[in-house]
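Reader: I would like a close look at one part of this model. Please take a single strand, work outward from there, and keep the sentences short.

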Amino acid sequence: AEEELTKKKKSLELKQSGLLRIDGSDSISLLEFHPYEDIVVVYDGQCGITGWDSNRGSKEFTIHNGNQRGSRFTSSCWINEKSNSLLVAGCDDGSVRIWDSLPFSKDERNVSASLISSFYAIPNIEPDVSRSGLILDWQQYSGKLIAAGNS
């Protein structure tokens with residue numbers, strides 16, 4: 001029993017597989033891993049979204065989200081993770097942007113991300129760095145985007 005417990009503990013150890021170096025950004029506000037693709041999306045302190053190959057550490061795409069001055073990213077999620085994934089970016093001003101056509105591989109580098117929807121999930125939210133801002137979650141089975149936050 002002791003030996004089995006030791007094996008289980010050993011299998012749970014986390015190992016660093018790579019290091020992501022991001023130059024030119026003051027801060028990182030969010031990270032969002034894709035559940036089925038080898039991609040991690042990094043949100044900076046202004047309005048930049050960058051997709052990185054999580055195995056190779058190579059930059060795959062960059063998006064200018066068009067945030068209002070002074071707003072920050074506070075939430076991110078994927079819609080339709082298994083096929084034709086859409087990236088949802090939420091900011092503390094209540095705005096939501098949904099992005100399509102994200103190039104997940106070098107074969108798709110000629111494809112550029114396209115903004116397919118933009119709206120205010122919580123129109124009267126007051127941006128405040130000491131509060132949560134907009135929080136989003138996607139429920140695939142019901143097709144609903146859930147929004148909450150300080151208002």
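Author: Start with the whole chain. This is a predicted model. Of the 151 residues of the protein chain, 37% count as buried. The accessible surface comes to about 9,600 Å². Carbon and sulfur atoms hold 47% of that surface. The secondary structure amounts to 1 helix and 10 strands. Along the sequence the pattern reads α-β-β-β-β-β-β-β-β-β-β. Among contacts in the chain with a separation of 6 or more, 43% join residues 24 or more positions apart.

Now the part to examine: strand 2, residues 39-44. How many of the residues of strand 2 are buried? The count is 6 of the 6, so strand 2 is largely enclosed by the rest of the structure. The cut-off behind that word is a relative accessible area under 20%. Both faces of the strand are covered. One side carries Ile 39, Val 41 and Tyr 43. The other carries Val 40, Val 42 and Asp 44.

Next, the partners of strand 2. Strands of a sheet pair through backbone hydrogen bonds, either parallel or antiparallel. Strand 1, residues 28-33, pairs with strand 2 in the antiparallel sense over 5 bridges. Within this pair, Phe 33 stands opposite Val 40. The two strands form a hairpin, with 5 residues between them. Strand 3 covers residues 48-53 and also runs antiparallel to strand 2. Here too the count is 5 bridges. Val 41 has Gly 51 as its bridge partner in strand 3. A hairpin of 3 residues makes the connection from strand 2 to strand 3.

Turn to the side chains. In soluble globular proteins, nonpolar side chains tend to be buried together. The largest nonpolar core here has 14 residues. Val 41 and Tyr 43 of strand 2 are among the members that touch the most others. Ile 49, Phe 73, Leu 87 and Leu 102 belong to that group as well. At least two core residues come from each of strand 2, strand 4 (59-64), strand 5 and strand 6. Apart from this core lies another, of 11 residues. Its members include Val 96, Ile 125, Leu 134 and Trp 138.

Tyr 43 deserves its own list. Neighbours within four places in sequence are left aside here. Tyr 43 is in contact with Ser 27, Ile 28, Ser 29, Leu 30 and Glu 32, among others. Gly 48 and Ile 49 are also on its contact list. So are Phe 73 and Ser 76. Leu 87, Val 88 and Ala 89 are contacts of Tyr 43 too.

Several of those contacts lead to another sheet. Strands 5-6-7-8, in that order, form an open sheet of 4 strands with antiparallel pairing. Its edge strands are strand 5 (73-79) and strand 8 (114-120), each paired on one side only. Neighbouring strands in this sheet are turned by 20° against each other on average, direction ignored. Strand 5 pairs with strand 6, residues 86-91, over 6 bridges. Trp 78 stands opposite Leu 87 of strand 6.

Two loops of this sheet hold a positive phi in a residue other than glycine. Asn 84 sits in the loop between strand 5 and strand 6. Its phi is near 50°. Asn 84 counts as exposed, at 54% relative accessibility. Ser 101 lies in the loop between strand 7 (95-100) and strand 8. Its phi is near 60°. Ser 101 counts as partly exposed, at 29% relative accessibility.

Last, the charged pairs. There are 4 salt bridges. Asp 53 meets Arg 56 at 3.0 Å, N to O. Asp 53 is buried, with a relative accessible area of 9%. Asp 92 and Arg 72 form another salt bridge, their closest N and O atoms 3.2 Å apart. This pair links distant parts of the chain, 20 residues apart. Asp 92 is in the loop between strand 6 and strand 7, and Arg 72 in the loop between strand 4 and strand 5. At 2% relative accessibility, Asp 92 counts as buried. Salt bridges with shared partners join Asp 53, Arg 56 and Glu 60 into one network. Lys 8 and Glu 4 form a salt bridge at 3.8 Å, N to O. Both lie in helix 1 (residues 2-11), 4 residues and about one helical turn apart.

Conventions. Residues are numbered from 1 along each chain as its sequence is written. This is a predicted model: local features need pLDDT of at least 70, side-chain atom pairs count only at pLDDT 80 or more; totals for chains, interfaces and linings use all residues. Side-chain values use heavy atoms; hydrogens and water are left out. Two strands pair if DSSP finds at least two bridges between them. Axes are lines fitted to C-alpha atoms, for helices over the stretch in contact, and angles run from 0 to 180 degrees between N-to-C directions. A nonpolar core is a set of buried Ala, Val, Leu, Ile, Met, Phe, Trp, Tyr and Cys residues joined through side-chain atoms within 4.5 Å. Buried means under 20% relative accessible area, exposed over 50%, partly exposed in between (1.4 Å probe, protein chains only). Contact means heavy atoms within 4.5 Å. Accessible areas come from the Shrake-Rupley method with a 1.4 Å probe; for residues, only the protein chains shown count as cover. A salt bridge is a side-chain nitrogen of Lys or Arg within 4 Å of a carboxyl oxygen of Asp or Glu.
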